[in-house]
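Hi everyone, thanks for making time. I'll put the sequence and structure up, and then we can walk through it together.

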Amino acid sequence: MPESTGFTYRWSADPGIDLYGQPATVVRAYVESYYLAINANALSATYPGFAEAVAQSKRADFDDPVDPTDRRYVGTQFQHLMWMTPTEHGWFATVCTGDYSVMEVGEDGKFYNLGSKYVNAETVEVTAPEVLSAPSAVSSGPERAPTINVFDGWKLAEHAKGARDQSAYSECDSRMPDARDARPQKANLPHDTPYPTLAPYPGWPRYDEN
């Protein structure tokens, strides 16, 4: 993960969804890697195992050899697992993404919001390996990123950046910790202070301590 990518992810989930289970952990690792790669414009920003879990045809929009810029990011990206449904070969998840509090540090020392006050609803489908193994490590801890492959043989089947179920958008909006009117937005830029960079949750463990 580039040092310039200083924002964290805070996850929550609807009742009945195991945020620490292997399917949710794989979805979380994919979504976090995806947005890190988008912001850094580099596949190298993703987590270990991402390139094997995601076919090149499904990552063409950020699989770019251009070196990351010197842009610096701070803040917190809120993610919520709203629906998870088992499929014949894995799991289908509806994920809420609130990027309204991820900010770029400008050359003037002020903070510029990258996202929108509107929350996105997206879907992620993952395929389980033919033989399920025990997870390689626990799936939570104080770190912003894992240092080992947490995909464990799971593969991305599909990522739709917009959910087909239109009701998901209003549902997702209600899952965020901040009301829409209280969220930072591009219309009132620049900001003198950034949105807080909160501790990651569930985060990733320090594997050398296992």
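So, to start: what share of the chain's 210 residues counts as buried? It's 47%. Keep in mind that this is a predicted model.

Staying with the whole chain for a moment, the exposed surface comes to about 10300 Å², and carbon and sulfur atoms supply 50% of that. Now take the contacts between residues at least 6 apart in sequence: 76% of those join residues at least 24 apart.

Okay, what are the pieces? We've got 3 helices and 7 strands. If you read along the sequence, the pattern goes β-α-α-β-β-β-β-β-β-α.

The piece I'd like you to look at is strand 2, residues 72-86. Of its 15 residues, 11 are buried, so strand 2 is largely enclosed by the rest of the structure.

Which strands does it pair with? Let's go through them. Strand 1, residues 8-13, runs parallel to strand 2, with 6 bridges joining the two. If you want a spot to click on, find Y9: its bridge partner in strand 2 is Q77.

Next is strand 3, residues 90-98. Strand 2 pairs with strand 3 in the antiparallel sense, over 8 bridges. Here you can look for M84, which stands opposite A93 in strand 3. The link from strand 2 to strand 3 is a hairpin, and it goes through 3 residues.

Then there's strand 4, residues 102-105, also antiparallel to strand 2, this time over 4 bridges. The pair to find there is R72 and V105, with V105 sitting in strand 4.

A quick general reminder while we're on strands: in a regular strand, side chains alternate between the two faces of the sheet.

Now for the inside. How many residues are in the largest nonpolar core? There are 35, and the ones touching the most other members are V27, Y30, Y47, L81, V124 and F151. Several elements each supply at least two residues to this core: strand 1, helix 1 (22-40), helix 2 (50-53), strand 2, strand 3 and strand 6 (120-127). Helix 1 gives the most, with 10 residues.

And there's a second core, separate from that one, made of 15 residues. Its members include A121, A163, A168 and C172.

So if you take one picture away, make it strand 2: largely enclosed, since 11 of its 15 residues are buried, and supplying at least two residues to the largest core. That's it from me, happy to take questions.

Note on methods: Residues numbered from 1 in each chain as written. Predicted model: local features only at pLDDT ≥ 70, side-chain atom pairs only at ≥ 80, totals over all residues. Heavy atoms only, no water. Buried < 20%, exposed > 50% of the residue type's maximum accessible area, 1.4 Å probe, protein only. Pairing = 2+ DSSP bridges. Contact = heavy atoms within 4.5 Å. Areas by Shrake-Rupley, 256 points an atom, 1.4 Å probe, with all protein chains shown as cover. Core = buried A, V, L, I, M, F, W, Y, C linked by side-chain atoms within 4.5 Å.
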